[in-house]
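Let us take a friendly walk through this protein, from its overall make-up to the sheet inside it. Please keep the structure open as you read.

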Amino acid sequence: MNSGWGSKFGLLVAGAVALSACEEAVTSPRPEPRAPVPAPDVVEAPVRPSERSIKLAAYYERLQQQLLTSGLLRKDGGGPDTPFSKRDLKTNFLKIAGFSEADIVNNTFVKGETATPIRRWTEPVRVQLDFGETASRELIAETRGTVGPYVKRLERLTGHPISQVSSDPNFIVAVLNVDELEAYDATLTRLFPALPPALARNMTTLTRIDNCVVYSFEDGEPPNQIDFAVAIIRAEHPKLLRDSCFHEEIAQGLGLSNDSPAARPSIFNDDDEFALLTRHDELLLQILYDKRLPLGATPDEARPVVEVIASELLGGDS
């Protein structure tokens, strides 16, 4: 019983007692029993991040500010200062789609550029967000507000079915802090039984300079078809740095698996000049998902097809 109802109940009793003794007693029907007042929902306090996670968040906040102060993390998609030609687009595509940033050796990712055949998804991509227990409502809302529209944009660009789901995913986007990440390998092997436990442990071991990462895998036929992917985004990132990770890692998980220092304007470049997917990058995705580009083609085999598609996309630009 809350205090407000208790005060009202006390006043009613006092008024009844004040009746004049010479008046006939007045009776009233027995009130119907009141339905029990349901207890208010208990909202558990969010789990507090560890001191290690808090310090890491402060580090990434400083990093974002340094990048912004240097004129990086641009959101404009490029402009007159970043022209590119058909030749640039073709060269950048072959470098970004025809190589990967690492290889798997003994269930361990070994960094180093490796030639790879053209790979992409052939089945619908089902993207699911996964959060750790320390994720705030603000973080969850911001993430959904970024990833939902971005997934729809990627579907329009590629012409390939890509959707956000709440179950049965084949592309996990995990937003985790440092402590949650280190315990995430068991979740990965549960979601994707084809994933070796040793490899899952390696996937969840990142250094501080690893802002975010994506892994894509094949598990059957046909070859060079991406069957499932995992993107790991640090929950400690401030919003713009986190959004840049969503843009780059989800797009790379579609088959653009490499970076190039020559690609501009592009998020597939380690210089951090651009935070969000650019017009140049949209064209790369359109080339990758053009059905004329055969799965499994080497860069040399893909070159003449890419030249044709790039010429069509850019028209008269040389």
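What follows is a short report on the overall fold, a sheet and a helix that packs on it.

**The protein as a whole**

The model is predicted. Its secondary structure comes to 10 helices and 7 strands. Of the 318 residues of the protein, 45% count as buried. The accessible surface is about 17,200 Å², and carbon and sulfur atoms account for 55% of that area. Turning to contacts between residues at least 6 apart in sequence, 69% of them join residues at least 24 apart.

**The sheet**

If you would like a place to start looking, try the open sheet, where 5 strands follow one another in the order β4-β3-β5-β7-β6 with mixed pairing. Strands β4 (162-164) and β6 stand at the edges and have a single partner strand each, so one side of each is left without a neighbour in the sheet. From one strand to the next, the twist averages 15°.

Three of the pairings can be set side by side:

| Strand pair | Sense | Bridges |
|---|---|---|
| β3 (residues 125-131) and β5 | parallel | 5 bridges |
| β5 (residues 171-176) and β7 | parallel | 6 bridges |
| β6 (residues 212-217) and β7 | antiparallel | 6 bridges |

Individual residues help to fix the register. Between β3 and β5, Gln128 stands opposite Ile172 in β5. On the way to β7, Phe171 stands opposite Ala229 in β7. Ala229 also serves as the bridge partner of Ser216, so to speak a handy landmark when you trace the strands.

**Strand β7 and its cover**

How many of the residues of β7 are buried? For this strand, residues 228-234, the count is 7 of 7. Both of its faces are covered. On one side lie Phe228, Val230, Ile232 and Arg234, and on the other Ala229, Ala231 and Ile233, every one of these being buried. Arg234 is thus listed among the buried residues along with Phe228, Val230 and Ile232 on that side of the strand.

**Helix α8 on the sheet**

Which strands does α8 touch as it packs on the sheet? The helix touches β5, β6 and β7, and its direction makes about 165° with that of β7. Helix α8 covers residues 239-252, which is 14 residues. From its first C-alpha to its last the helix reaches 20 Å, close to the 20 Å expected at 1.5 Å a residue. Like β7, which is mostly covered, α8 is mostly covered too, with 13 of its 14 residues buried.

Notes
Residues numbered from 1 in each chain as written. Predicted model: local features only at pLDDT ≥ 70, side-chain atom pairs only at ≥ 80, totals over all residues. Heavy atoms only, no water. Helix = DSSP H or I, 4+ residues; strand = E, 2+ residues; numbered from the N terminus. Expected span 1.5 Å × (residues − 1). Buried < 20%, exposed > 50% of the residue type's maximum accessible area, 1.4 Å probe, protein only. Pairing = 2+ DSSP bridges. Axes fitted to C-alpha atoms, helices over the stretch in contact; angles between N-to-C directions. Contact = heavy atoms within 4.5 Å. Areas by Shrake-Rupley, 256 points an atom, 1.4 Å probe, with all protein chains shown as cover.
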